[in-house]
Amino acid sequence: DAAFWNPAGLASLTDDEFALHSATLVAGRSNVLAAYFPSRGIGVLGGAVYLVDYGDLDRTDNNGNTIARIAPRNFEFLASYATTLSGTFQFGVSYKLIQFRVDCSGDCRDFPSGTGATHALDFGGQFRVGAGGPLRFGVALRNVGFRLQVQNQAQADALPTRLAVGAQYELRLRPATGRTLEEAFDMKFAADVDSPWGETGQPETRVGIDIGYQKLVRVRAGYAFVQDGLSGPSVGLGLESGSLGVDFARAFLTGSDLQADSPTFFSFRVTF
């Protein structure tokens, strides 16, 4: 979703859009409910609600008996704005209210359940080069904000601020006889590098290809070179008919010792 990688990508929207995104990740299940509204002469305004459910955990006593259930959750509330400047440059910003909470039910004596909230901003920019703009570059700085404090200030955690730089090249194949270039199949090649901002850490790289006919059908494949054994290939399929669109993708972890299913992603969109 453009709002989560680079808010500048929202500037390309031409219709009002309502979207539901769901993903089963290694860390837990996540869901996003989003709505965006382009306005001529102003730009694109929108917002989203983001939930990560890490799953319920058992709390046991000294004899191994379950005495309580612990439920850690992460919430984000986003407000986004994006616009096109000078015809080829797009800029976007998202404000995020971030909340982490741990709820406990049952015997919760001496359990340090709590809630922490903080604020952050995402900034993004994209620009096109070349005749017709087939080559596009993008940069995004995410999670610029205050520390997240749940228990006390000494235990407050810095947000994972990250800088991402990427590029995409679109190639249109030769159309069939009697067809225009806009009616031809096209291929998009993309790559990005994502690294911590102001902290030590290894950068992560992703590459991918997207092949399809307009927005009707898209077939995608990629590979992620990331940390913690989460590297691996991914495949996806996107379909759109009229005002309805669906996307499905699955990643395959090749170097992980985690006892977890491969991540899956599903999106449903309605434009109006």
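A polar contact is a pair of N or O atoms within 3.5 Å, where one can donate a hydrogen and the other can accept it. Keep that idea ready for the stop at Asp194. The model on your screen is predicted.

**Stop 1: the whole chain**

Zoom out and show everything as a cartoon. The secondary structure comes to 1 helix and 15 strands. Along the principal axes, the C-alpha atoms fill a box of roughly 75 × 40 × 40 Å. The protein has 272 residues, and buried residues make up 33% of them. Now think about contacts between residues at least 6 apart in sequence: 46% of these join residues at least 24 apart.

**Stop 2: the largest nonpolar core**

Select Leu10, Ala11, Val32, Ala34, Tyr36, Val44, Ala48, Tyr50, Val52, Leu78 and Ala82. Together these 11 residues make up the largest nonpolar core. Colour the strands that feed it. At least two core residues come from each of β2 (29-39), β3 (43-53) and β5 (66-85). Which strand gives the most to this core? The answer is β3, with 4 residues. A general rule fits here: in soluble globular proteins, nonpolar side chains tend to be buried together.

Stay in the core and pick Ala34. Leave out residues up to four places away in sequence. Ala34 then touches Glu17, Phe18, Ala19, Gly47 and Ala48. Of these partners, Ala48 is also on the core list.

**Stop 3: the disulfide**

Select Cys104 and Cys108 and show them as sticks. A disulfide joins the two, with 2.0 Å from S to S. The count of disulfides in the model comes to 1. Turn the view to look at the S-S bond. The torsion about the bond between Cys104 and Cys108 is about -95°, so the disulfide is left-handed. Are these cysteines buried or partly exposed? Cys104 is partly exposed, at 22% relative accessible area. Cys108 is partly exposed as well, at 24%. The cut-off for buried is under 20%.

**Stop 4: Asp194 and two arginines**

Move on to strand β10, residues 185-196, and select Asp194 within it. Asp194 is buried, with a relative accessible area of 5%. Now add Arg142 and Arg162 as sticks. Here the opening definition comes into use. The side chains of Asp194 and Arg162 are joined by a polar contact of 2.6 Å. Another polar contact, of 2.9 Å, links the side chain of Asp194 to that of Arg142. Both distances count as polar contacts because they fall within 3.5 Å.

Widen the selection around Asp194. Set aside its neighbours within four places in sequence. Asp194 is then in contact with Arg142, Arg162, Leu163, Ala164, Pro203, Glu204 and Arg206.

**Stop 5: Phe189, in the strand you just visited**

Stay in β10 and select Phe189. Phe189 is partly exposed, at 35% relative accessibility, whereas Asp194 is buried. Draw a distance line from Phe189 to Ala167. The two are 22 residues apart in sequence, and their C-alpha atoms are 8.3 Å apart in space. Phe189 touches Ala167, Gln168, Tyr169, Gly208 and Ile209, once residues up to four places away in sequence are left out.

**Stop 6: two hairpins**

One of those partners, Ile209, leads to the next stop. Select strand β11 (residues 204-213) and strand β12 (residues 217-225). These strands pair in the antiparallel sense over 9 bridges. Look across from Ile209: its bridge partner in β12 is Ala221. β11 and β12 form a hairpin with 3 residues between them. In the turn, Gln214 has a positive phi of about 50°.

Now add strand β13 (residues 232-241). β12 and β13 run antiparallel, joined by 8 bridges. Gly222 has Ser234 as its bridge partner in β13. In this hairpin, 6 residues lie between the strands. There, Asp228 takes a positive phi near 60°.

**Stop 7: an aromatic pair**

The structure holds 4 aromatic pairs. One of them is formed by Tyr223 and Phe225, so select both. This pair is tilted, at 4.7 Å centre to centre and 45° between the planes. An angle under 30 degrees would count as stacked and one over 60 as edge-to-face, so 45° falls in the tilted class. Tyr223 is partly exposed, with a relative accessible area of 28%. Phe225 is partly exposed too, at 43%. Here is one last rule to try on the strands in view: in a regular strand the side chains alternate between the two faces of the sheet.

How values were computed: Residues are numbered from 1 along each chain as its sequence is written. This is a predicted model: local features need pLDDT of at least 70, side-chain atom pairs count only at pLDDT 80 or more; totals for chains, interfaces and linings use all residues. Side-chain values use heavy atoms; hydrogens and water are left out. Rings of Phe, Tyr and Trp (its six-membered ring) pair if their centres lie within 6.5 Å; planes under 30 degrees apart count as stacked, over 60 as edge-to-face and the rest as tilted. Buried means under 20% relative accessible area, exposed over 50%, partly exposed in between (1.4 Å probe, protein chains only). A disulfide is a pair of cysteine sulfur atoms within 2.5 Å. A nonpolar core is a set of buried Ala, Val, Leu, Ile, Met, Phe, Trp, Tyr and Cys residues joined through side-chain atoms within 4.5 Å. Contact means heavy atoms within 4.5 Å. Two strands pair if DSSP finds at least two bridges between them.
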